[in-house]
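Dear colleague,

Please find below the structure that I agreed to pass on to you. My notes on what was found in it follow.

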Amino acid sequence: MYSFDQMPNRRGTNSIKWNVKDHELPMWIADMDFGVAPEIIQAMQDKIKLGAFGYESVPDSYYDAIVNWQEKQHNCQIKKDWILFVSGVIPALSSAVRRLTHPGEQIVTLTPVYNIFFHSNGRKSLEEELEYDANSHEYRINWSSLEQKLADPLTKMMILCNPHNPIGKSWTYEEIEKIAQLCNKYHVYLFSDEIHGDLVLNDSFSSSLKLPDNLKQNLIIAFSPSKTFNLAALHSASVVVPNSELRFQIYRAINNDEIAEPNLLAIPATIAAYTQGSTWLHELKAYLLKNRQYIANFLENELSQLNLASEFATYLAWIDISNLNINSQELADFLKENTGLIISSGQEYRGNGDNFIRLNFACPQSVLKEGLDRLKKGINSEKA
């Protein structure tokens with residue numbers, strides 16, 4: 001059994017999240033306030049004990065670990081030679097954009113979405129806003145509108161966030177298949193960011209890797225242990241490209257951009273995560289599911305004017321504040337100033353994000369309770 005009721009004290013440790021004032025409580029950036037699995041720590045300590053830190057290569061055991069993880073966790077069959085090591089999902093995305101598209105061309109994104117997707121190296125971000133059902137608090141794709149954007153001759157790539165950050169939605173296989181069919185029809189590259197794929201709390205994740213071969217020819221998939229195992233600063237990720245010609249293009253891109261070489265700890269930690277981390281992850285997801293349910297109950301009983309709109313993916317709660325007479329950025333600023341609670345404004349994710357806030361619940365439940373109490377205090381005082 002692993003414990004998730006305690007958290008390391010990261011104040012004063014160069015942590016972006018915890019570089020805050022003493023009274024402030026950060027619940028925004030997507031890293032977890034749990035200690036790393038001891039199996040991963042041990043693998044890193046063993047590497048450091050060697051005492052020699054020269055250039056690193058990527059061994060077969062790294063690729064074997066990824067192949068086995070994808071098969072056991074997600075029932076996805078991939079080949080070792082499809083996999084490329086990269087230092088991060090976003091660096092890989094940026095490299096792919098620069099290699100496969102030209103300035104002035106368009107990249108389709110489903111919004112609201114992770115805001116870094118909008119910074120596409122001189123390419124135009126063509127937003128397809130998801131349709132939001134205010135009664136069911138669910139998001140859906142407008143297929144005819146999406147097809148129109150993909151059919152535009154200037155559209156060269158679509159970025160799919162699956163599971164979708166910040167709305168906490170894991171796309172169904174049928175939805176992914178339809179997206180892939182449209183991209184294939186209009187000769188659009190499909191880049192699937194699956195960094196949260198291991199964190200679907202009801203185990204309903206469908207990876208783009210499950211698509212049939214004919215729909216994988218323009219597909220690039222990226223994932224990382226960074227979200228799953230709280231290893232963001234490790235700078236380790238993988239890109240999977242089934243099509244050999246496209247894979248060579250991505251290989252050239254990531255090497256030209258110098259993001260294809262591992263640091264000292266990236267390989268042993270990733271291998272340990274994917275070969276020894278399944279029990280830790282299972283217990284983590286059970287804990288996160290309880291935290292998510294605590295949020296749902298708290299909103300229903302204490303803040304009924306707010307609604308939990310995220311489904312069961314990621315550890316990021318997407319909260320509908322449209323019943324309040326305030327936009328998300330104003331509320332985020334007010335909460336930080338008056339309660340010390342730091343959350344993400346939905347405004348930065350575009351789409352209908354102005355009516356939402358994002359709250360990170362990957363923390364001990366005692367910390368979550370404090371955060372929600374501050375949220376309640378702030379909203380009640382703002383309304384007064």
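Which residue stands opposite isoleucine 107 in S7? The partner is methionine 157.

This is a predicted model, in which local features need pLDDT of at least 70, side-chain atom pairs count only at pLDDT 80 or more, and totals for chains, interfaces and linings use all residues. Residues are numbered from 1 along each chain as its sequence is written, and side-chain values use heavy atoms, without hydrogens and water.

Strands (E, at least two residues) and helices (H or I, at least four) are DSSP runs numbered from the N terminus. Two strands pair if DSSP finds at least two bridges between them. Strand S3 (residues 106–111) pairs with S7 in the parallel sense over 4 bridges. S7 is also joined to strand S8 (residues 189–193) by 5 bridges, again in parallel, and there tyrosine 189 is the bridge partner of methionine 157. Because 6 of the 7 residues of S7 (residues 155–161) are buried, this strand is largely enclosed by the rest of the structure; buried means under 20% relative accessible area, with a 1.4 Å probe and protein chains only.

An open sheet of 4 strands follows the order S11-S12-S15-S14, with antiparallel pairing. Strands S11 (307–308) and S14 (344–345) stand at its edges with a single partner strand each, so one side of each has no neighbour in the sheet. Strands S12 (residues 316–320) and S15 (residues 356–360) pair in the antiparallel sense over 5 bridges, and tryptophan 318 stands opposite arginine 358 in S15.

Yours sincerely,
A colleague

Terms used:
Buried < 20%, exposed > 50% of the residue type's maximum accessible area, 1.4 Å probe, protein only.
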